[in-house]
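User: Please take a close look at one part of this structure, beginning with how its strands pair, and then lead me from there to what is packed inside. I am new to this, so explain the terms as you go.

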Amino acid sequence: MKQNEMVINRETAMLLWSKSFGKTTKAKDFAGREIVKAAYDQRGSAYGWNVDHILPQSRGGKTTESNLICCHIQTNDEKADKFPCFTANDKKFEVIKVQNHYEIKKVSSGDDKKQNSEDSVNFYDSASGIRLYKKLKGIQNKPVFVGTVIIELHGMQSTALIDFITELFSDKSISFKRYSNEIVIRYDSEFVIKINDYHLSLKEDIVDLLDRCVLLNTYLGKYFTATQQLNSYKIFYGVHSNKAEENNQAQKIDCYTSVNEFYNYRNYNLAINYLVKFNTDADKKEIESIGRDKCGYDVYEYDYIYTNLAENLAKAIK
């Protein structure tokens, strides 16, 4: 293998994903096809992807970072070794040289411009705005999956912890609220962070969000409370859907507004609801039901941590 060339494997693919898409777990390749981080090299998945050479190896393309791109497996199959022009996902592209590397450029046409004009919405044009509304109104029974993480922080000593949690969930919608114990005695909360993902339609996404909750549970329980930067905390992760009642608009609104907070007087660190349990490895574990959330889903205590991380955090404290 020549110097600076890479070996294409899962590790390399994950590195390229991070450089291309950051922390997001779902993206679109250059041809517009949806890909999911966890579906790497899964040809049977609708979101499977792999790594392709921009300039084909048959044309002298190197296996270097600047010549590699993450793309849907079907996109890769359609591109193959075609050079310089090829079609993928019914769109025309061209491989062009830019300075000392190659890039993929979409070939525009009159049809493309017409399609872009039809897809874009000009809200200053009443016809365009109403056309969008009617289009959306026609798909109201489409199943909706919303994931929400509620984090209660008690006795927080530094706002750096808020920034730490924000960074962990940086690709999600985040809101904050501070409660006064004198006004809201029932919740006994000093600071609440609410994290929403309104497009949680894949099991891989549900698993990813649970992994982050377990990560946070490990840090909060094994470092921040141990170093007295936090008195106590609670984490609740629930997924809600209107799929079971597709014609119930109230159920859909509940999903969007995430009316799913779970508070009770029993102490727990991390809790999940039924849809999280059912769609992850948590379903294989013997975990205890501790009640129901406001949408009627069973809630389970899930006080798990990452052991190796916990051990390293303990060493850092010493």
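Analyst: Two strands pair if DSSP finds at least two bridges between them, and strands (E, at least two residues) and helices (H or I, at least four) are DSSP runs numbered from the N terminus. The model is predicted, with local features needing pLDDT of at least 70 and side-chain atom pairs pLDDT 80 or more, while totals for chains, interfaces and linings use all residues. Residues are numbered from 1 along each chain as its sequence is written, and side-chain values use heavy atoms, without hydrogens or water.

Strand 6, which covers residues 91-98, is joined to strand 7 by six bridges in the antiparallel sense, and one example of a bridge is isoleucine 96 with its partner glutamate 103 in strand 7. The sheet to which these strands belong is open, has three strands in the order 5-6-7, and is antiparallel in its pairing. Because strand 5 (85-88) and strand 7 (101-106) each have a single partner strand, they stand at the edges, and one side of each has no neighbour in the sheet.

From the sheet we can turn to the packed interior. The largest nonpolar core, meaning buried Ala, Val, Leu, Ile, Met, Phe, Trp, Tyr and Cys residues joined through side-chain atoms within 4.5 Å, contains 34 residues, and Ile151, Leu153 and Tyr237 are among those with the most contacts inside it. Elements giving two or more residues to this core include strand 8 (145-154), strand 11 (232-241) and helix 6 (203-224), and of the elements it is helix 6 that gives the most, with eight residues. Leucine 153 shows how such packing looks from one residue, for beyond its neighbours within four places in sequence, its contacts (heavy atoms within 4.5 Å) include Leu161, Ile165, Phe191 and Leu220. A second, separate core has eleven residues, Met14 and Val51 among them.

Two further residues show how burial is judged. Isoleucine 290, in strand 13 (residues 289-292), counts as buried because its relative accessibility is 11%, where buried means under 20% relative accessible area, exposed over 50% and partly exposed in between (1.4 Å probe, protein chains only). Tyrosine 274, found in helix 8, is partly exposed because its relative accessibility is 34%. Leaving out residues up to four places away in sequence, tyrosine 274 touches Tyr297, Asp298 and Tyr300, and its C-alpha atom is 9.1 Å from that of arginine 292, which is 18 residues away in sequence.
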